[in-house]
Amino acid sequence: MRTLNAEETAAALPWGALVEALLQMFERERLGEAYASPRTSVPLAAGGVMLLMPAADLHFAALKTVTVHAGNAEQGLPVVQGDVTLMDAATGTRLLAMDGNVLTARRTAALSLAGAMRAGRGGAERMLLIGAGVQARAHAEAFAEVWGVRHLKIHARAQAHAEALAQHMRSRGVDASAIADPTAAAEESDVIVAATNSQEPVVPSRVRPDATVIAVGAYRADMAEVPPELVRRCAVFVDTLEGARSEAGDLIRAGVDWSAVQAFSSAQPVQQGRLVLVKTVGHALWDLAAARLAYVNQQQQ
């Protein structure tokens, strides 16, 4: 079994191919050819927690293991550490191990693109990004490469972090700048991405009537990045209905009509000109899709 470090994991998951791998996994899920067990949580010493996320399809199985230790920050250690192992579903043979943090960041950004495509969207020129962490950077890179975003505004609590990300994107040929107030940019942007850990809405309520709003940061029922009044105006798409019902605080707080919320695997595109919200909470099948792609790419080298 080969083990890929962070740099090798990123190289094995090119953006365009990763989006396509996720779209293919949506179809396997729809056909009942891919499945995942609920996430398992195991308490660890020093207030830590270990999370286990297994998934399988007809050919491969994957297990993502994540540990979270809040106290690690004081020791100069990563708070979140993870790895993903890919196996042959028929024999259990271990095939590939990958950096879990990198895989998660890349598949989450690619998932936002794939979900928006299932909603009928594709391509954008102007983007507002709220947040400047790992997920924000992944989304900036993915949307610039796959959707051709050329103008990027970045708003974050720490202006220095927003400027650092803007500088990184300028080095990649994108007209990027850090902004102190996202209000004006929200009304001009084709796509708005929120990638924060905020417990209160950070996306302005006034956006273009045909905008695509993507929220990936809030992962608990008590967290929300998108204001309820904006959520209620949107056609809503989620990666999994089960996960969204329990974890998507943006939707729970807005009291959405769940019968109108569409999962990516069975989504019907909405008409152009409609306001769209894409909300993801994560699922082991998306890790499996990424791991499969990484393995195929390694085999071709």
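What follows is a walk through the overall build of the protein chain and one of its sheets.

The model looked at here is a predicted one. Its protein chain holds ten helices and 15 strands. The radius of gyration comes out at 18 Å, close to the 19 Å that the globule rule gives for 301 residues, so the chain is as compact as a globular protein of that length. Put a box along the principal axes of the C-alpha trace, and the spans are about 55 × 45 × 40 Å.

How is the chain packed? Of its 301 residues, 52% count as buried. Among contacts with a separation of 6 or more, 66% come from residues 24 or more positions apart. On the outside, the accessible surface adds up to about 13,300 Å², and carbon and sulfur atoms own 50% of that. As for charge, there are 27 positive and 31 negative side chains, with the centres of the two sets lying 2 Å apart.

Now for the sheet. Eight strands line up in an open sheet with parallel pairing, and the order runs β10-β9-β8-β11-β12-β15-β13-β14. At the edges stand β10 (175-178) and β14 (262-263); each has a single partner strand, so one side of each is left without a neighbour in the sheet. Further in, the order places β11 beside β12. Strand β11 covers residues 191-194 and strand β12 covers residues 212-215, and the two pair in the parallel sense over four bridges. To spot this pairing in the structure, look for Val 193, which stands opposite Ile 214 in β12.

Notes
Residues numbered from 1 in each chain as written. Predicted model: local features only at pLDDT ≥ 70, side-chain atom pairs only at ≥ 80, totals over all residues. Heavy atoms only, no water. Rg over C-alpha atoms; globule rule 2.2 N^0.38 Å. Buried < 20%, exposed > 50% of the residue type's maximum accessible area, 1.4 Å probe, protein only. Contact = heavy atoms within 4.5 Å. Areas by Shrake-Rupley, 256 points an atom, 1.4 Å probe, with all protein chains shown as cover. Lys, Arg positive; Asp, Glu negative; His and termini not counted. Charge placed at Lys NZ, Arg CZ, Asp CG, Glu CD. Pairing = 2+ DSSP bridges.
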